[in-house]
Amino acid sequence: MHDIAYFSVVTTEQKSRLDQAVWVDPERMSGTPCFRGTRVPVQSLIDFLEGGETIDEFLKLYQSITRAQVLAVLDFANSQLLECASSLTSA
């Protein structure tokens, strides 16, 4: 079993962008990460995309969420996936 340190490399810019895009509050939505200013879980975006829908369709449905928020979440997810994959190949 590999010891993988998830979220080990988060740049200041990524943290700032993610903080503007997502909020987590244990008192709301049971601490589920949601798009900032909404009660829409980030998981909704993932489910939407997995279902074959587009970002534009997601934004039409959830008009209070901005494209910048969606792109910040996807950028963060991508960088973490790359970091994780890199640690697997270097082990």
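The largest pocket here holds about 190 Å³ of space. Keep in mind that this is a predicted model. Besides that pocket, there is a nonpolar core of 13 residues, the largest in the structure, and a cluster of rings made up of Phe35, Phe48, Phe58 and Tyr62. Here's a quick tour.

**The largest pocket**

- Nine residues line this pocket: Leu18, Val22, Val24, Pro33, Val42, Ile46, Val73, Phe76 and Ala77.
- What kind of residues make up the lining: nonpolar, polar or charged? The lining is nonpolar throughout, with no polar and no charged residues.
- Helices H2 and H4 each bring at least two residues to the lining.
- H4 is the top contributor, giving three residues.

**The nonpolar core**

- Within the largest core, the residues with the most contacts are Phe35, Leu45, Phe58, Ile65, Val70 and Val73.
- Three helices each put at least two residues into this core: H2 (42-50), H3 (55-61) and H4 (67-89).
- Val73 turns up twice, as one of those core residues with the most contacts and as part of the pocket lining.

**Phe35 and its surroundings**

- Phe35 touches a long list of residues, even with neighbours within four places in sequence left aside.
- Among them are Ala21, Val22 and Trp23, then Val40, Pro41 and Val42.
- Further along the chain, Phe35 also meets Leu45, Phe58, Ile65, Gln69, Val70 and Val73.

**Aromatic pairs**

- How many aromatic pairs does the structure hold? There are three.
- One of them joins Phe35 and Phe58 in a tilted arrangement, 5.9 Å centre to centre with 50 degrees between the planes.
- That pair ties together distant parts of the chain, since Phe35 belongs to strand S2 (residues 34-35) and Phe58 to helix H3, 23 residues apart.
- Phe35 and Phe58 are both buried.
- Phe58 also pairs with Tyr62: their ring centres are 4.8 Å apart and their planes sit at 50 degrees, so this pair counts as tilted too.
- Why does Phe58 count as buried? Its relative accessibility is 0%, and buried means under 20%.
- Tyr62, on the other hand, is partly exposed, because its relative accessible area is 25%, which falls between the 20% and 50% limits.

**Ala68, out at the surface**

- Ala68 sits in helix H4.
- Is Ala68 buried or exposed? Ala68 counts as exposed, because its relative accessibility is 52% and the exposed class covers anything over 50%.
- The C-alpha atoms of Ala68 and Ala21 are 7.5 Å apart, although 47 residues separate the two along the chain.

Notes:
Residues are numbered from 1 along each chain as its sequence is written. This is a predicted model: local features need pLDDT of at least 70, side-chain atom pairs count only at pLDDT 80 or more; totals for chains, interfaces and linings use all residues. Side-chain values use heavy atoms; hydrogens and water are left out. A nonpolar core is a set of buried Ala, Val, Leu, Ile, Met, Phe, Trp, Tyr and Cys residues joined through side-chain atoms within 4.5 Å. Buried means under 20% relative accessible area, exposed over 50%, partly exposed in between (1.4 Å probe, protein chains only). Helices (H or I, at least four residues) and strands (E, at least two) are DSSP runs, numbered from the N terminus. Contact means heavy atoms within 4.5 Å. On a 1 Å grid over the protein atoms alone, a cavity is a set of points where a 1.4 Å probe fits but cannot get out, and a pocket is an open set with protein on both sides within 12 Å along at least five of seven lines; lining residues have an atom within 4 Å of a point. Grid points are joined across faces, edges and corners, and a volume is the space filled by probe spheres set on the points. Ala, Val, Leu, Ile, Met, Phe, Trp, Tyr, Cys and Pro count as nonpolar, Asp, Glu, Lys and Arg as charged, and the others, Gly among them, as polar. Rings of Phe, Tyr and Trp (its six-membered ring) pair if their centres lie within 6.5 Å; planes under 30 degrees apart count as stacked, over 60 as edge-to-face and the rest as tilted.
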